[in-house]
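Work through these exercises with the sequence and the model open. Each task is followed by its solution.

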Amino acid sequence: MIGSGAIGLSVLSLLKNDSDVSIDSVIVAPDTLDQAREQVAAIAPKAQVVTGLAEVAQRPDLLVECAGHGALRAHVLPALEQGIPCVVVSIGALSDVELARQLEDAAKRGKTQVQLLSGAIGGIDALAAAKIGGLDSVVYTGRKPALAWKDTPADGQFKLEALTEPTVIFEGPAGEAARLFPKNANVAATLSLAGLGLDRTQVRLIADPSSKENVHHVEASGAFGSFEITMRGKPLAANPKTSALTVYSVVRAIGNQAHAVAI
Ligand SMILES: NC(=O)C1=CN([C@@H]2O[C@H](COP(=O)(O)OP(=O)(O)OC[C@H]3O[C@@H](n4cnc5c(N)ncnc54)[C@H](O)[C@@H]3O)[C@@H](O)[C@H]2O)C=CC1
Ligand SMILES: O=C([O-])CC(=O)C(=O)O
């Protein structure tokens, strides 16, 4: 596993009692090594805590990224080159078309695969299937508590602490949303990659002072018909920018590699 933040530690905790899965190593950022060793030891005492794949004693069957955009370039790219299959959650990073191409090329060269997880959003199976018949429109609205947009371009442009009404802080194509709000762009990028692409997926982001959830609403239409989905995600206490479903999505993906039946 790469990352021992809000997602990583929750995933470790949920996998504790799964006898089909063993997290052998956790790759962390060098400046967090001591703290990460303490946190990981409390949940997964058998896991080594290291700063790179080169220090991992046994070649993993699977590398799971739940760290951040930089981890894709630093760890996932070389793992794919070595033929190690990877699953990733930092999908917002793939709005950098060059990085997306590099990951694909590395996986091809390594004769392996990188799986992009659905994370905080549902319906990706339906959207990716609908794409095959042809999509006409995909519109995504992301609504989060006002303070979840702190340290983004909306902070400064709007007085987030003083908002009294839901306020649209961005409207435009998914590619631009991903560039401006990289830490909140995973869902927009995932929908784009599964559906109409970064230029044709329309995004609206809302800071809502009365919301305590991360609400993701998607409307899609095409040759298949249409669908609409609303996810009302509870944020993780350790990182309110992240919906709890993301953790379950990672645990599901790992289980699907390890268990006799995948669903
Ligand atoms: N696909 C989706 O729907 C979602 C994806 N995410 C993404 O998941 C990732 C993790 O999210 P959280 O756990 O909430 O964040 P977090 O900030 O709580 O934890 C991230 C951890 O990864 C570590 N890290 C960062 N870069 C690293 C590197 N190069 N090598 C090793 N460790 C590194 C950090 O030190 C930190 O401990 C983020 O990129 C976030 O944007 C989050 C929510 C939803
Ligand atoms: O809800 C979440 O967990 C994260 C989110 O909106 C995103 O990164 O697009």
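**Exercise 1.** Find the element that gives the most to the shell around ligand 1, then describe that shell.

*Solution.* This is a predicted model.
- Start with the elements. α3 contributes the most, with 4 residues.
- Next, take the residues. The shell holds 26, and I7, V89, S90, N186 and T242 come nearest.
- Sort the shell by class. There are 12 nonpolar residues, 14 polar and no charged.

**Exercise 2.** List polar contacts of ligand 1, then state how much of its accessible area the protein covers.

*Solution.*
- Use the cut-off for a polar contact: N or O atoms within 3.5 Å.
- Check S90. A polar side-chain atom of S90 is 2.6 Å from an oxygen atom of ligand 1.
- Check A29. Here a polar backbone atom lies 3.4 Å from a nitrogen atom of the ligand.
- Check T242. An N or O atom in its side chain is 2.7 Å from an oxygen atom of ligand 1.
- Now the cover. Of the 870 Å² that ligand 1 has on its own, the protein covers 80%.

**Exercise 3.** Which element gives the largest share of the shell around ligand 2? Add the contacts and the cover.

*Solution.*
- β12 gives the largest share, 3 residues.
- By class, the shell has 3 nonpolar, 7 polar and 3 charged residues.
- Backbone contacts come next. An N or O atom of the N184 backbone lies 2.9 Å from an oxygen atom of ligand 2. For V187, the backbone distance is 2.8 Å.
- The side chain of H216 places an N or O atom 2.7 Å from a ligand 2 oxygen atom.
- Finish with the cover: 96% of 270 Å².

Terms used: Residues numbered from 1 in each chain as written. Chains lettered and ligands numbered in written order. Predicted model: local features only at pLDDT ≥ 70, side-chain atom pairs only at ≥ 80, totals over all residues. Heavy atoms only, no water. Polar contact = N/O pair within 3.5 Å; in protein donor to acceptor, adjacent residues only side chain to side chain. Areas by Shrake-Rupley, 256 points an atom, 1.4 Å probe, with all protein chains shown as cover. Helix = DSSP H or I, 4+ residues; strand = E, 2+ residues; numbered from the N terminus. Nonpolar A, V, L, I, M, F, W, Y, C, P; charged D, E, K, R; others polar. Near = heavy atom within 4 Å.
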